[in-house]
Amino acid sequence: MYILAFGGVHAPASRKAQPNKRKKKGVQAWLYFYCADLPQLAGALTSSAKDVCVSGFVFSVAGFFVMTLIATPQSLLFEQPLQLQSGGVLKQYELTYETYGELNAQRSNAVLICHALNASHHVAGRYAGQDKSEGWWDNMIGPGKPVDTNTFFVIGVNNLGSCFGSTGPMHINPETDRIYGADFPVVTVEDWVTSQARLLDHLGITQLAAVMGGSLGGMQALSWSLQYPERVRHAVVVASAPNLNAENIAFNEVARRAITTDPDFHGGHFYAHGVVPRRGLRIARMLGHITYLSDDVMNTKFGRMLQSGDTFKYSTQEIEFQIESYLRYQGDKFSEYFDANTYLLITRALDYFDPASAFNGQLTQALARASVQFLLVSFTTDWRFAPARSQEMVQALVANKRQVSYAEIDAPHGHDAFLLDDTRYLSLVRAYFERIELGGNV
């Protein structure tokens, strides 16, 4: 086994890899491989990075030409019942999805993108005639981008229970002819992966070149490697964790209680009353948004700056600080488009995900089923899904002698870093995808 520190082979090792703990400016990165092909990856990094500083090395190459991608959503009705982990059943359901690029003749270039809590199938590109309609990972996916749609056939799927097209609480329950509301069954990460696999069956894709996701999407990518290891060659897990710790479950619970105690919630059947529990949604989003940002970003952007003037209003109700205004704005915007029952379902799916629970909490045993190659990425200031959580997965995979690459990127943005433009991060992903051979394993 070797350790690569993004500039060359750092040292051969016959024992368990131990990352250097010294703080470095730029990227703290270690790539773990149970193989001997590190020089090729080092070459890929140097040929793909643009003005990137990694572990003291600077790589500069020509830029990439990027084209505009026009996205078109599609929906597919499934009439085969879906048995859920909860014991419930969806007798029929629709999945809304988008595809980008072209599936090659061998059907070997498909990449599935899994979304996080409040995202959707609209991963990349924009809708024709709609300005500012870019997909939520448009900086990552598209022609000439790190996940290059000139090479890969990329699929984005809206998960069941969401509110962006796939069957969810806002839809009609065919058994009652009424809106599901709170009667929509609880879904899990594993249920989503099963439904995604059925979509791939429809598309005629037997094996993915890669599955990729950040945060909750990363959990789905990990679950793919466990539920369908023969159907995936690579899993890219970004800013994620093998389960939620108690603190994260607590944040989710407070957000859910903010929603369910809103007088307009009506036990989840607020649709029939013609209202929306906006107050609860606003508070849930404000709380969540705090956890997505780092302390450094919040202090740099807002500090203690007042919203207006330079003196206090001495009011407990009016906005005094700019951070208050920002959070209220985010909460107001979220409450206009997101569904309250969806928020409850998705945060509960986050809580439940824990593949090691079936193995007495032993993650190494749980990940023994995974046979795919992995890229894991974490960010130093992400305290919601801290680097230590990614390192748990890395160590478990290394213990199983799996091929795994790991990068810890020193970025100030907190959990949101996986969505943002960081040249080092984007270049790393580009380099990894350039190594994926479309005819089979690397």
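**Close-up 1. Helices α2 and α3 meet in a right-handed crossing.** In this predicted model, the axes of α2 (residues 189-203) and α3 (residues 216-227) come within 9 Å and cross at roughly 70°. Angles of 65 to 115 degrees count as roughly perpendicular, so that is how α2 and α3 sit relative to each other. On the α2 side, look for Val-189, Glu-190, Trp-192, Val-193, Thr-194, Gln-196, Ala-197 and Leu-200. From α3, the partners are Leu-216, Met-219, Gln-220, Ser-223, Trp-224 and Gln-227. Sorted by class, the residues of this contact come out as eight nonpolar, five polar and one charged.

**Close-up 2. Helices α4 and α8 run roughly antiparallel.** Here the axes of α4 (residues 246-260) and α8 (residues 340-352) come within 10 Å, crossing at roughly 160°. Anything over 145 degrees counts as roughly antiparallel, and therefore this pair gets that label. The crossing of α4 past α8 is left-handed. What does α4 bring to the contact? Ile-249, Asn-252, Ala-255, Arg-256, Ile-259 and Thr-260 do the touching. Across from them on α8 are Ala-340, Tyr-343, Leu-344, Thr-347, Arg-348, Leu-350 and Asp-351. The tally for the contact of α4 with α8 is seven nonpolar, three polar and three charged residues.

**Close-up 3. Helices α5 and α7 pack at an oblique angle.** The angle between α5 and α7 is about 125°, and their axes lie 8 Å apart. α5 passes α7 in a right-handed crossing. From α5, the contact uses Arg-278, Leu-281, Arg-282, Arg-285, Met-286, His-289 and Ile-290. From α7 come Tyr-326, Leu-327, Arg-328, Gln-330, Gly-331, Asp-332, Phe-334, Ser-335 and Glu-336. There's plenty of charge to spot here: the contact residues divide into six nonpolar, four polar and six charged.

**Close-up 4. The largest pocket has a volume of about 820 Å³.** Its lining takes in 28 residues, and the closest to the centre are Asn-118, Arg-285, His-289, Asp-416 and Leu-419. Two of those names should look familiar from the previous view: Arg-285 and His-289 also belong to the α5 side of the contact with α7. Which elements give two or more residues to the lining? They are α5 (278-292) and α7 (322-337). Of these, α7 gives the most, with four residues. As for chemistry, the pocket lining holds 16 nonpolar, eight polar and four charged residues.

Notes. Residues numbered from 1 in each chain as written. Predicted model: local features only at pLDDT ≥ 70, side-chain atom pairs only at ≥ 80, totals over all residues. Heavy atoms only, no water. 1 Å grid on protein atoms, 1.4 Å probe; cavity = no way out; pocket = protein on both sides within 12 Å on 5 of 7 lines; lining within 4 Å. Points joined across faces, edges and corners; volume = space filled by probe spheres on them. Nonpolar A, V, L, I, M, F, W, Y, C, P; charged D, E, K, R; others polar. Axes fitted to C-alpha atoms, helices over the stretch in contact; angles between N-to-C directions. Parallel < 35°, antiparallel > 145°, perpendicular 65-115°, else oblique. Left-handed = near helix turned anticlockwise from the far one by under 90°. Contact = heavy atoms within 4.5 Å.
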